[in-house]
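Me: I would like to go through a protein model step by step. Please show it, and then I will ask about its parts.

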Amino acid sequence: MAAAALSGLALAMGQAPVDREGEGAKADKPARVSFSMLPSNHMLVRAMLNGKGPYRLIFDLGAPITLLSNRAAESSGTVKDDAPRSFLFSMRGEAEVAEMRVGELTAKKLPVVVFDHPALKVLGEILGQPVDGIIGFTFFARYKTTIDYQINEMTFQPVDFEVRDLMRELPDRLAGPKTVRRTVTAPGGLWGIRLGPVEGGVSSPGTPIAEVLGDSPAQAAGLKAGDVLTTIDGRWTTSPGDVYEAAAAVPAGRSVPVGVLRDGQERVIELRPADGA
Amino acid sequence: MIRKLGGVGAALALVLALAAADAPNPNPNPKAKDNGRDAEIGRSTRVPYRLTETNHFLVRVRLNGKGPFNFLVDSGAPALYIATETAAKIGLKASKDDFWTPLKSLEIEGGARLEDLKARVEDPFQLVGMNALGLPGASIDGILGFTILARFRLEIDPTDDRMTWTRLDFKPADPPVPNKEDRDRAPLEFQLMNALGPVAKGLAFIIGKQPAEERSPRGFLGLEWTEPEGGGLEIVRALPDSPAAKAGAKAGDRLAKINGEPVDDAKTARALLAEVRPGDSVGLTVRDKTGAERTLTFPAGEGL
């Protein structure tokens, strides 16, 4: 468990947004990458870094960053051998891999953090082969990613997504004023209902409807006061906040399935919010 | 200090449990009951998710029918982890003798459902640390790791607000269980990191817990409108007993201004109302068929 011990601190780090120029994969056809499973249940891919390798990297959906060991970073030319190290885990800080190739995919200018993660060291010792790093969010946020554990294959298709720059944001957030951020969630259209208080805590199935207004889309759809809203378009509506969040994703004029609990029976009703407020 | 420690966080969750584990058990027990074999296999569900401020994926789940709870999607974690506080909330008692605690059902928002699972009730540092710092923007109640994720073909597109999870005909083996002695005798490096755990929690006091986000619903008017030919925005109806109806808005009126700002289409109207909260005063300037303008001022109500 201790391996995760510093995860919370990772918050203070993060990486610069990726540069998508020169992506290797074509937009029309996803690039396939096969992986193998380690006995520890981690996905392992073999990657060529700057033409060197292959290196053994763990693919980790839960990792906010991409990480390379000092050995891998040095031998692939990602950092210079004599780059200064910090006292802690020989950390080298941020660097950039000019080109990474995995399976059919080539990624350019991939930001990485270089240090020796103790957990990787131990894992490598147990496996009898080194683990050279972790591929995390800063890599896969560039793509529409699919993972199929049954056939041990991932696919990647480039998307246009700006990776949040934690590095730049966090110092401000840490130092910034501790005022409450206020946001207003606006439904996409007019439904014509008022919500009642939720009862039952974690056992609550949904949010009760206190009132259905006349001539409204909700009335036209057949909703009634006393109905409990359980889902809107597949999203759970366990609190009024959930209802507004879900309704915010439904534009006026689009018909969506609404899950309702009435007299102990679950039913689905189609509702088309009107344009209005 | 924080900045330096930061990179350690690649959430290679729980490797220690494995590192200290007995030799992996390659026997996935072929006789194991194949849950949901019939209907669920091949079924695709659209799973709403949230990307936290720390670039972690959160999805919502119900455990034994209770919830919802926020769980991290983490292929770096070997199993299903439920925080002790979360387990207490749903009355789930951690097994004393067994490493795993049985869980009857796990529902994932969007419709996927798994039954008869094994969960580990524990507080991996990821959860304690992130929750203490209050940074991810939501409390985290557990982790969906390999034994859950591997049952699905996962499709993740950061430009789409939902993932697609398709149930596979595949039941992953449970990860090896660390024996008790090994768990108590962690290597020095891990003991050092364990010692840092409480430090990180303490950091929350130094930097202060990050402020929560206060979310408010948009205020309710009860107006349906349409964009008639020739431009402008026309009131189709004010719902009976709605704030707009009580203030005197009528079908056929043209909406000319909202809070003094000119309105000529629905998009502008929505934008001008986007920050209105229940109780806020709203000024609607309407023009009737004779061309006479009047301004209705009333507090926005609650509803949608």
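Me: What is the order of the strands in the open sheet of six strands?

Reply: This is a predicted model. In the open sheet, the pairing is antiparallel, and both chain A and chain B supply strands. Read from one side to the other, the order is 1(A)-10(A)-9(A)-9(B)-10(B)-1(B).

Me: Which are the edge strands?

Reply: An edge strand of this sheet pairs on one side only. The order begins with 1(A) and ends with 1(B). The edge strands are therefore strand 1 (31–34) of chain A and strand 1 (44–48) of chain B.

Me: Which residue stands opposite Arg46(B)?

Reply: Strand 1 of chain B pairs with strand 10 (residues 162–167) of chain B in the antiparallel sense, over five bridges. Opposite Arg46(B), in strand 10 of chain B, stands Thr164(B).

Me: How many bridges join strand 16 of chain B to strand 17 of chain B?

Reply: Strand 16 (residues 281–287) of chain B also pairs with strand 14 (residues 254–258) of chain B, antiparallel and over four bridges. There, Arg254(B) has Arg287(B) as its bridge partner. Towards strand 17 (residues 293–299) of chain B, strand 16 again runs antiparallel, and Val286(B) is partnered with Arg294(B). The number of bridges joining strand 16 to strand 17 is seven.

Me: Which residue in the turn between strand 16 and strand 17 of chain B has a positive phi?

Reply: These two strands form a hairpin, with five residues between them. In the turn, a positive phi of about 95 degrees belongs to Gly291(B).

Me: How many residues does the largest nonpolar core have?

Reply: In soluble globular proteins, nonpolar side chains tend to be buried together. Here, Val45(A) and Ile82(B) have the most contacts inside the largest core. Strand 7 (residues 105–114) of chain A gives the largest share of this core, six residues. In total, the core has 84 residues.

Me: How many residues are in the second, separate core?

Reply: Among the members of this core are Leu195(A), Val258(A) and Ala277(A). Leu273(B) is also included, so residues of both chains take part. The second core has 46 residues.

Me: What percentage of the residues of chain B count as buried?

Reply: Chain B has nine helices and 17 strands. Of its contacts with a separation of 6 or more, 62% are between residues 24 or more positions apart. Chain B has 304 residues, and the share that count as buried is 47%.

Notes
Residues numbered from 1 in each chain as written. Chains lettered and ligands numbered in written order. Predicted model: local features only at pLDDT ≥ 70, side-chain atom pairs only at ≥ 80, totals over all residues. Buried ≥ 20, exposed ≤ 12 C-beta atoms within 10 Å, placed from the backbone. Contact = placed C-beta atoms within 7 Å. Core = buried A, V, L, I, M, F, W, Y, C linked by C-beta atoms within 7 Å.
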